Amino acid sequence: MEDAASPMNTRTNLPRREFLIGSAFALGAGLTTWAASGARVKVGFAGLKHGHVYQVLKRAVADPRVEVIALAESDEQNRKAGERAFGKPVRYANHRELLDAEPQLDAVVVCEEYGRRGEAAIAALEAGKHVFSDKPLCTHVEELERIAALAAEKHLEVHVDFSLRHMWARAAVLLQQGEIGDIVGCTFAGPHSLSYEHRPKWYFAPGMHGGVINDLMGHGVDFAHWIARGPFVQVLSATRACVGFPQQPAFETAGDAFFQLEGGATIFGHVDYLVPAGHTGDWKCSVVGTKGDAVVSGHDGFTLRPAGAPERHLAPNELRAESPDPFTDFIGVLTEGKAPLRSTAESLHCSLATLLAQAAAETGGTHVALPPLKTG
């Protein structure tokens with residue numbers, strides 16, 4: 001446990017007004033709009049280290065508003081896979097080469113090893129480029145603070161590829177409209193299969209993964225924050241475990257975190273890499289309100305139980321947002337100034353919540369406050 005004087009236990013609140021002001025910089029002054037000129041957004045890819053990046057690359061290549069300029073990747077096998085997907089050579093080994101050689105870039109997609117993402121995002125922002133990142137955005141709070149300050153100072157967008165808002169948007173609308181009253185509690189779980197034989201080997205290298213909570217929990221943290229419409233104010237407690245994986249006994253396979261939102265609502269999340277081989281996991285979220293409850297999952301859809309009213313159900317394919325995915329949102333902000341499902345400030349706020357939960361799990365910290373991010 002941390003002692004009372006530790007920074008892990010210094011309690012400060014994040015006022016609702018301050019949070020809303022912070023959210024506004026995502027659409028604030030200084031955004032460049034390409035629509036008037038008809039030019040496309042020039043995008044470079046810094047890293048091809050995770051399979052998630054290929055969906056983003058596919059969308060970027062197919063989007064008429066986007067011109068993919070170049071890819072950067074150090075691993076030879078990943079370079080070949082990237083060349084097959086892109087149809088052109090991967091010319092650069094890392095983000096530094098990419099930024100030096102392609103100053104005309106407008107935005108950078110970051111998909112390095114988790115432990116190197118913060119460095120790549122910071123370099124892109126310092127060079128004046130917007131950033132779209134696979135999750136997690138970074139592995140250290142100090143990196144996130146620098147990212148937030150640069151984004152605000154230079155009026156740049158930073159979006160993270162959290163997906164549950166897009167998958168469960170219609171469920172969120174009903175919950176935000178008060179169908180079960182005010183949300184007072186939420187429990188979510190995100191079980192995953194590790195698929196060790198297919199997992200990149202850097203996952204298990206010291207300093208590259210950054211912990212199971214920061215790796216996986218951002219999706220659920222982001223969705224819970226969205227439906228409850230309030231910022232996280234503290235990590236009440238967190239824990240992690242290295243179990244069930246003898247091939248890599250030091251690798252974290254399970255994590256839990258307990259959060260509190262402004263206003264008192266509590267959020268509990270569990271994530272793991274313990275789904276049996278050959279099977280798939282399923283995100284599931286249970287929500288308790290003052291006038292009912294609800295459950296939403298990827299496999300089963302949405303069940304709403306308002307007090308004194310019939311149960312309602314929506315199938316999984318009825319829940320998706322009109323906006324197809326976070327990357328398309330990101331490009332829409334840049335080209336048309338469209339409000340995305342998730343702002344820069346929200347991406348950074350939810351990233352901070354998972355980073356602090358990971359740190360609390362590692363140190364035994366409790367009642368860890370989320371300080372306001374410095375924005376300039």
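User: When do two strands count as paired?

Analyst: Two strands pair if DSSP finds at least two bridges between them. Strands (E, at least two residues) and helices (H or I, at least four) are DSSP runs, numbered from the N terminus. This is a predicted model: local features need pLDDT of at least 70, side-chain atom pairs count only at pLDDT 80 or more, and totals for chains, interfaces and linings use all residues. Residues are numbered from 1 along each chain as its sequence is written, and side-chain values use heavy atoms, with hydrogens and water left out.

User: How many bridges join S1 to S3?

Analyst: Four bridges join strand S1 (residues 41–46) to S3, and the two run parallel. Val43 stands opposite Ala107 in S3.

User: Which residue in S4 is the bridge partner of Val109?

Analyst: Phe132. S3 and strand S4 (residues 130–133) run parallel, joined by four bridges.

User: What do S3, helix H5 and S4 make?

Analyst: A crossover is right-handed if, with the strands pointing away from the viewer, the path from the first strand over the helix to the second runs clockwise. Here S3, H5 (residues 114–126) and S4 make a right-handed β-α-β unit.

User: Are the residues of S3 that point each way buried or exposed?

Analyst: Buried means under 20% relative accessible area, exposed over 50%, partly exposed in between (1.4 Å probe, protein chains only). In S3 (residues 107–110), Ala107 and Val109 point one way, Val108 and Val110 the other, and all are buried.

User: How many disulfides does the structure hold?

Analyst: A disulfide is a pair of cysteine sulfur atoms within 2.5 Å. The structure holds zero. For Cys186, the nearest cysteine sulfur, that of Cys285, is 3.2 Å away. Cys186 is buried, at 4% relative accessibility.
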